[in-house]
Amino acid sequence: MSAVRRLLGEAVVPAATLVLALLAWEAATWAFRIPRFIMPAPSAILGEGWEWRYRFIEHTWVTLYETLGGFALSMAVGVPLAVLIVYSPRLRGAIYPLIVLTQSVPKIAIAPVLLLVLGFGEIPKMVVAFLVAFFPVVVDTATGLAATPPELLDLSRSYRASAFKTFMKVRLPLALPFIFAGAKVAITLSVIGAVVGEFVGSDRGLGYVILSSTSYWKTEVAFSAMILLSLMAIVLFAAVSLVERVMCPWLATEES
Amino acid sequence: MIRLQEVEKTYRTRRGDLVHALAETTLEIGDRELVTLVGPSGCGKSTLLKLVAGLVPPSRGQIRVREQPVTGPFPDVGFVFQQPVLLPWRSVLDNVLFSVEMLGLDLRQYRKPAGDLLELTGLAGFETKYPRELSGGMQQRVAICRALLPDPSLLLMDEPFGALDAMTREEMSLELLRIWEERRKTILFVTHSIPEAILLADRVVVMSPRPGRVARVLRVDLPRPRTMELEFDPRFKAHSDEIRSLIFAGRKERP
């Protein structure tokens, strides 16, 4: 009984609400004769999106590639940076203000300059995605590494274990849940970063599709691209959560 | 076994203030002796343990363990803290083996002794469980097994039962005595609890705060093996009153 009720609450009710909202939207566009370039009906979006399906595969692939590249960069740079910050107070003093500085500059403002410097293609979009996404990785990883219980550090020291051994066997695994928290934020920010990069200058990718289709009044195509983007973000987020569950199985029971 | 000679410890806090954690202390602890340190917070009990373990250097004086001056951490020590601090991704058995692994010893040789220790502490059959599946008392038993596995001659315990409920706490005290009867170690045991300090100890070191120092060392002349019934023994009460008066007399001196 309670399982049924939970299913109702978690799946059926939100799904039904969504369907109702779509129907209301559909009906409104017919009833008020809203022009399709201003607000296309869901059916029109789906239809036009289906027409575009083969072209969308290529554009989605490009944006996915840029997003994953930016995410990989932000992990590959963010985690080691956090390790340096935690282990060396001097480096912390040197690096931390710079990292905060990069965060204080609006990324949308850097993007045109970056594209000017790095040129066309996917790499500059990855760099924009990286710049948007790496900050939470650094902050969360550093927080996680600093959160090692002092008792465990004393214990490792009393066994005369090397700093590297303590890092690999104690501090890094204990920080994993924090690192994943950062990774989950980073993956969604990477999607945003890739799209921002495409907005500034590109001839491929979902961000490019949104920009170009709206300038031709093809609003249905823009909507389709937005749906694909959010689906991509959801799938990527779920993928990171899945990896987290595999790598930190001890968290599973604590959450439920 | 352990000799502290005119040992003093002063810390500098992050804000730059000097904290006199431990005033000049001279103390001698015999081989296989069970000594408890009791006193209010801030009396330097934990500092004393860290000094003996070589985790922090003394500001003055000298510490010797088995006639060897302590200059840094040495592996002949087992540590048990107030929190079990087990690693959540490791099974009970792997948590016990953690100490041996960090010491860089051959794990295979310690699987059997680890099993024996779990048996000794009543955890047989829990080898493959994870810390989150255990109660607080059982987790602390795992921590004790972890400390005992490399067979150190010195066991340092920093309020090991302080986070447990009162009933589990009594049970664990008696169990520690049983383990100690079986595997004689020198034990330095820090506690806030006066009854616990008396129940366990050969000698009780009563400490007072600001700066932390030894107020008195008293020998507990109660027969072993000890049981909870001893709490009603007049000698137990006499010890308890004496310790209490030492601690509270120290408090009255200050406004």
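Which residues have the most contacts inside the largest nonpolar core? I looked this up at the start and noted Val96(B), Cys145(B), Leu149(B), Leu156(B), Leu188(B) and Val204(B), in a core of 73 residues. I took a nonpolar core as a set of buried Ala, Val, Leu, Ile, Met, Phe, Trp, Tyr and Cys residues joined through C-beta atoms within 7 Å, and a residue as buried if 20 or more other C-beta atoms lie within 10 Å of its own, exposed if 12 or fewer, and partly exposed in between, with C-beta atoms placed from the backbone.

I keep in mind that this is a predicted model, in which local features need pLDDT of at least 70, side-chain atom pairs count only at pLDDT 80 or more, and totals for chains, interfaces and linings use all residues. Residues are numbered from 1 along each chain as its sequence is written, while chains are lettered from A and ligands numbered from 1 in the order in which they are written.

I then followed Val96(B), whose contacts (C-beta atoms, placed from the backbone, within 7 Å) include Ala114(B), Val142(B), Cys145(B) and Leu149(B), leaving aside residues up to four places away in sequence. I also found a second, separate core of 46 residues, with Ile45(A), Val128(A), Phe134(A) and Val137(A) among them.

Next I turned to chain B as a whole, and counted seven helices and 10 strands, these being DSSP runs numbered from the N terminus (helices H or I, at least four residues; strands E, at least two). I noted that buried residues make up 39% of its 255 residues, and that its C-alpha trace spans about 55 × 45 × 35 Å along the principal axes.

For the contact between the chains, I recorded 16 residues from chain B and 16 residues from chain A. On the side of chain B that touches chain A, strand S6 (77-80) and helix H2 (92-103) each supply at least two residues, and H2(B) gives the largest share, three residues.

In chain A I checked helix H8 (residues 163-200), which has 38 residues but end C-alpha atoms only 45 Å apart, short of the 56 Å that a straight helix would reach at 1.5 Å a residue; that expected span is 1.5 Å times one less than the number of residues. I located a kink of about 45 degrees at Leu176(A), shortly before Pro177(A), the bend being the angle between axes fitted to the seven residues ending there and the seven starting there.

Lastly, I noted a cis peptide bond from Arg224(B) to Pro225(B), with omega near -5 degrees.

Technical notes
Two residues are in contact if their C-beta atoms, placed from the backbone, lie within 7 Å.
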